[in-house]
Amino acid sequence: MTRPLRRRDRELPGAEGWSILREETEGFLATADGQGQPYVVAVNYVLLENTIYIHSALEGHKVDNLRANPRACFSVMADVRPGHYTTYYRSVVAFCRARLLEEGDEWRRALEALCEKYMPGGPGYSLPYRGTLVIALDIQHLSGKGNQPPR
């Protein structure tokens, strides 16, 4: 369950949050293992409809955590710059449920979209995908927040 933003005056309209998530290139994936030990890692990602996709090795810390606990949180920041006794920014937080994909149409579509996002027009579609896991983060709740300079 999520709680409402404390600083409602900084809440971004829903469409702006989705736009940040769609346009940015780096995010932070937060997971927890079966005992609740948190872990966060920076990742590249792509958004397709209401799902964030991340490529991964077949094993590792984040994969172990997601196998034990499929709940995850994903965050992106944009337009970060210092201000006068503050920081200006726009950010988004997505509360998600993870699925691990090792093959299939959704897996291939996600890998192709990642290749197109990070290597537009490159050889991405002919790359061998075997041994690549795709983490699908189905977004259950999304919120955006920002602190922009006065105009």
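Q: Which class does glutamate 106 fall in at 22% relative accessibility: buried, partly exposed or exposed?
A: In this predicted model, local features need pLDDT of at least 70 and side-chain atom pairs pLDDT 80 or more, while totals for chains, interfaces and linings use all residues. Residues are numbered from 1 along each chain as its sequence is written, and side-chain values use heavy atoms, without hydrogens and water. Buried means under 20% relative accessible area, exposed over 50% and partly exposed in between (1.4 Å probe, protein chains only). With its 22%, glutamate 106 is therefore partly exposed.

Q: Which residue forms a salt bridge with glutamate 106?
A: A salt bridge needs a side-chain nitrogen of Lys or Arg within 4 Å of a carboxyl oxygen of Asp or Glu. For glutamate 106 the closest N and O atoms are 2.8 Å apart, and the partner is arginine 99.

Q: What relative accessibility does arginine 90, the salt-bridge partner of aspartate 79, have?
A: The side chains of aspartate 79 and arginine 90 meet at 2.6 Å, N to O. Aspartate 79 is partly exposed at 38%. Arginine 90 counts as buried, because its relative accessibility is 17%.

Q: Why is the pair of tyrosine 45 and phenylalanine 74 classed as it is, and what is the class?
A: Rings of Phe, Tyr and Trp (its six-membered ring) pair if their centres lie within 6.5 Å; planes under 30 degrees apart count as stacked, over 60 as edge-to-face and the rest as tilted. Here the centres are 5.0 Å apart and the planes stand at 70 degrees, so the class is edge-to-face.
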